[in-house]
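Visitor: I should like a close look at the empty spaces of this protein and at the elements around them. Please take me through them in order.

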Amino acid sequence: MCDAIMFFAAGFGTRMGALTKDRPKPLIPVAGRPLLDHALELADNYGPLRKYVNAHYLADQITAHVDPRAAKVIVEHPQVLDTGGGLKNALPLLGNAPVFTSNTDAVWSGPNPLTLLKQAWRPDDMDALLLCVPLENAIGRQGGGDFALDDNDRLIRKGDMVYTGVQIIKTDGLLDISDDVFSLNVLWNRMLENGRLFGARYPGKWCDVGHPDGITLAETMLDCA
């Protein structure tokens with residue numbers, strides 16, 4: 001079973017506008033705490049995990065913030081590597097076992113998403129297990145869904161399920177991708193073709209805080225929880 005988690009915190013946060021002029025998006029406060037801390041808390045509550053955070057834009061702030069915590073920052077330089085490239089770049093530290101990955105621009109109301117993934121993970125059948133939430137429970141979502149789930153919980157592109165940014169994934173396929181900068185969609189598409197990309201349904205609520213309106217929406221969601 002995976003014993004490591006990678007937090008994606010290297011993006012420029014352009015949808016946040018002026019809020020990211022002098023700070024990276026993962027350090028924007030929501031309900032009195034930086035977004036990154038909301039994500040790290042999920043890992044802390046899950047149990048022992050080796051924690052890694054990638055950084056690029058204003059990376060020194062991420063590094064200083066994480067320094068007191070049991071997490072290692074991987075600075076991407078001179079360019080940001082996107083999700084697939086960032087995960088590939090971290091492989092020497094992550095090792096060969098499946099890993100959790102997590103975006104850092106969402107807030108949750110409900111059970112721990114990492115625990116749910118662990119309970120649903122079937123490594124003999126799955127190369128990746130993406131945690132998804134129905135569109136009606138995806139607060140602050142701008143646009144439609146990402147996937148549908150078939151009767152066996154395999155993922156199909158397009159549908160009313162929103163990918164929450166948290167998954168378990170086997171990383172060996174990254175080594176077959178020669179590019180340094182690429183999205184995880186490249187690897188997911190290969191898994192889709194082989195029928196090994198699966199989804200799990202999140203029973204609570206999830207808020208996208210990738211845009212300014214998401215801050216108030218997330219705080220309201222947490223107040224109502």
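Guide: In this predicted model, strand E12 (161–169) is the element that gives the most to the lining of the largest pocket, with 5 residues. The pocket itself holds about 880 Å³ of space. Its lining comprises 36 residues, and those closest to the centre are Lys25, Asp82, Thr83, Asn103 and Asp105. Besides E12, the elements that give two or more residues to this lining are helix H3 (82–89), helix H6 (185–193) and E14. Sorted by class, the lining of the largest pocket has 14 polar, 13 nonpolar and 9 charged residues.

E12 also takes part in the lining of the largest cavity, to which it supplies at least two residues, as do helix H1 (35–46), strand E6 (99–103) and strand E7 (106–109). A search of the whole structure for cavities of 30 Å³ or more finds 1, and the volume of the largest cavity is about 50 Å³. Its lining is formed by Ala39, Leu42, Ser102, Asn103, Ala106, Trp108, Thr164 and Val166. Of these, 5 are nonpolar and 3 polar, with no charged residues. Asn103 thus appears in the lining of the cavity and also among the residues closest to the centre of the largest pocket.

H1 and E7 lead on to the second largest pocket, since each supplies at least two residues of its lining. This pocket has a volume of about 150 Å³. Of the 13 residues that line it, His38, Glu41, Leu42, Val107 and Trp108 lie nearest its centre. The largest share of the lining, 4 residues, comes from H1. By class, the second largest pocket is lined by 8 nonpolar, 3 polar and 2 charged residues. Leu42 and Trp108, named here near the centre of the pocket, also line the largest cavity.

Trp108 brings the sheet into view. E7 pairs with strand E14 (residues 205–208) in the antiparallel sense over 4 bridges, and tryptophan 108 stands opposite tryptophan 206 in E14. Helix H7 (residues 213–224) packs on the sheet and touches E7, E9 and E14, and its direction makes about 160° with that of E14. The sheet is open, has 3 strands in the order E7-E14-E9, and shows mixed pairing. E7 and strand E9 (138–139) are its edge strands, each pairing on one side only. E7 therefore joins several parts of this account: as an edge strand of the sheet, and as a contributor to the linings of the largest cavity and the second largest pocket.

Notes: Residues numbered from 1 in each chain as written. Predicted model: local features only at pLDDT ≥ 70, side-chain atom pairs only at ≥ 80, totals over all residues. Heavy atoms only, no water. 1 Å grid on protein atoms, 1.4 Å probe; cavity = no way out; pocket = protein on both sides within 12 Å on 5 of 7 lines; lining within 4 Å. Points joined across faces, edges and corners; volume = space filled by probe spheres on them. Nonpolar A, V, L, I, M, F, W, Y, C, P; charged D, E, K, R; others polar. Pairing = 2+ DSSP bridges. Contact = heavy atoms within 4.5 Å. Axes fitted to C-alpha atoms, helices over the stretch in contact; angles between N-to-C directions.
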